[in-house]
Amino acid sequence: MSHSTLPRPAHETAHEARTGTAPEGAGETEGHSGVWPRSAGPLARGDLAVCGVPLTGLADRFGTPAYVLDEDEIRTRCRSYLQAFPDADVYYAAKAFLCRAMAHWVQEEGLGLDVCSAGELELAVTTGFPPDRIVLHGNAKSPDDLRTALRLGVGRIVIDSTSEIARLAAALPAGARQKVLVRVVPGIAAGGHAKIRTGTDDQKFGLSLADGSAQHAIARSLGQPRLQLVGLHCHLGSQITTVKPYLSAVRRMVGLLARVHEQHGITLPELDLGGGHGVAYRPGEPALDIAVLGARIRAELARGCAAACLPVPRLAVEPGRAIAGPAGVALYRVLAVKQTAGHRFVAVDGGMSDNPRPALYGVRYAPRLVGRSPSATPEPMTVVGRHCEAGDVLATDVLLPGDIRPGDLLAVPVAGAYHLSMASGYNLVGRPPVIAVADGRARLLVRRESLADIQERDIGL
């Protein structure tokens, strides 16, 4: 059953009536999407199934907190990108979520991989991912990151600072050449929060177009015989829900490609526009329309290159959240319900150690009760975690049934990206497992971190 026909719980419809944010059809630059995997469907007694697997059964079998990942949703979203960006390279951004199964799915669907560390790179390659289909990023790559990338034969390394140019060239053996791109800061502000905007000069990533740092890095890279500069890279930020910033980036990057051709007499064959494609976390929120994005970017790139008398470079994009995020559901068990100073708190058995994003960025989610049919009307509540921080809040001012009680099961959609990948060991509670569901079956991908795992790392007094 598609999520467009999934009956929405009372707290969603009540929210729409109160705020006027009912889902709409896709617009020219924005789409409105449901927040549950396409396979999600209602069952008897208020339960919910993903890929035909009841969420209550998963909670009973694997415990909570837990992450549930819809394999078909992942694969479908990979294919959507290949359709939206034909004749382009689509690299899945591993920082959103990575495990061996995820790397395998992405490879089978024909995507490359974008990694940020030796750890992500090693996991992917030892899973069988072709290293020449991997791009290594990072504003401060460690010596181990670079050594591992060169040892494994990574396809491309993104230069993020001028000091990295000489360091990388010196690490290459005689006679070897490494393909690189220079990360350019185009001076474009875009993204859902100040902490995830990376296209402006006031953050740590890349080399500025405005002050000439990017041009200097390009010249330095071209002067290193062991480096093969194959193109330019930029990344504007995360949770971008409109096409306009990407079109602005295309124009500025084509302008730089033209200046490189004029000053150095070379035509760079590749242009990587990064990712940051926004998704809806709550009903009625905007989501970037990937089909529209692909068509508009390709048209703008062709137009700009024609005006500059340049051949069209091979395009690359790096989606992460937009592939993994909507495929995931987080499950929590209610531990306590408390009324304090006019606020009603619902405390669950997870929190900021398995999802720090609300504390970091103020992200808002739409949890719902599953496993029973409520008999009370919805009331505004705040879902909080179990950790010793006042800021350990998972969802603020959400409508949940007034009879919610300890033992109830809450499901939180859009939990596939930046949850486990950002999870911490705070309070030593252990990180949750990841369970894949497909064709009515469930299997464990990543087991729960146990107290024994934690104690093994503590080697003694």
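Author: Axes are lines fitted to C-alpha atoms, for helices over the stretch in contact (heavy atoms within 4.5 Å), and angles run from 0 to 180 degrees between N-to-C directions. In these terms, the axes of α5 and α6 come within 9 Å and cross at roughly 25 degrees. The model is a predicted one, where local features need pLDDT of at least 70 and side-chain atom pairs count only at pLDDT 80 or more, while totals for chains, interfaces and linings use all residues. Residues are numbered from 1 along each chain as its sequence is written, and side-chain values use heavy atoms, with hydrogens and water left out.

Reader: Why are α5 and α6 called roughly parallel rather than oblique?

Author: The cut-offs decide: under 35 degrees is roughly parallel, over 145 roughly antiparallel, 65 to 115 roughly perpendicular, and the rest oblique. The crossing of α5 and α6 is at roughly 25 degrees, so this pair counts as roughly parallel. α5 passes α6 in a left-handed crossing (the near helix is turned anticlockwise from the far one by less than a right angle; clockwise would be right-handed).

Reader: Which residues meet where α5 and α6 touch?

Author: From α5 come Ala118, Leu121, Glu122 and Val125; among their partners in α6 are Asp144, Thr148 and Arg151.

Reader: And what makes Glu122 and Arg151 a salt bridge?

Author: The term asks for a side-chain nitrogen of Lys or Arg within 4 Å of a carboxyl oxygen of Asp or Glu. For Glu122 and Arg151, the closest N and O atoms are 2.4 Å apart, so the pair qualifies. Glu122 belongs to helix α5 (residues 118-127) and Arg151 to helix α6 (residues 143-152), so the bridge ties together parts that are 29 residues apart in sequence.

Reader: Why is Arg151 exposed but Glu122 just partly exposed?

Author: Buried means under 20% relative accessible area, exposed over 50%, and partly exposed in between (1.4 Å probe, protein chains only). Glu122 has 29%, so it is partly exposed, whereas Arg151, at 54%, is exposed.

Reader: Which other salt bridges link distant parts of the sequence?

Author: Glu270 and Arg156 meet in one, at 2.6 Å from N to O. Glu270 lies in strand β13 (residues 270-272) and Arg156 in strand β9 (residues 156-159), so this bridge joins parts that are 114 residues apart in sequence. Both residues are buried. Glu300 and Arg251 pair as well, at 3.3 Å. Here helix α10 (residues 290-307) holds Glu300 and helix α9 (residues 244-264) holds Arg251, so parts that are 49 residues apart are tied together. Glu300 has 11% relative accessibility, so it is buried; Arg251, at 44%, is partly exposed. Elsewhere, salt bridges with shared partners join Glu71, Arg75, Arg79, Glu108, Glu109 and Arg443 into one network.

Reader: How many salt bridges does the rule give in total?

Author: The count comes to 21.

Reader: Why are α3 and α4 called oblique?

Author: The axes of α3 (residues 71-84) and α4 (residues 100-108) come within 9 Å and cross at roughly 40 degrees. That angle falls in none of the named ranges, so α3 and α4 are oblique. α3 passes α4 in a right-handed crossing, and Glu71, Ile74 and Arg75 in α3 meet Met102, Trp105 and Glu108 in α4.

Reader: What counts as a helix or strand, and how many are there?

Author: Both are DSSP runs numbered from the N terminus: helices are H or I with at least four residues, strands E with at least two. The chain has 13 helices and 23 strands. Of its 461 residues, 54% count as buried.

Reader: What makes the backbone at Arg45, Ala341 and Pro65 noteworthy?

Author: Most residues other than glycine have a negative phi, and most peptide bonds are trans. Arg45 has a positive phi of about 60 degrees, and Ala341 has one of about 50 degrees. Arg45 sits in the loop between β2 (41-42) and β3 (48-50), and Ala341 in the loop between β16 (328-340) and β17 (343-348). Arg45 is at 66% relative accessibility, so it is exposed; Ala341, at 75%, is exposed too. A cis peptide bond joins Thr64 and Pro65, with omega about -5 degrees, and Pro65 is in the loop between α2 (55-62) and β5 (66-70).
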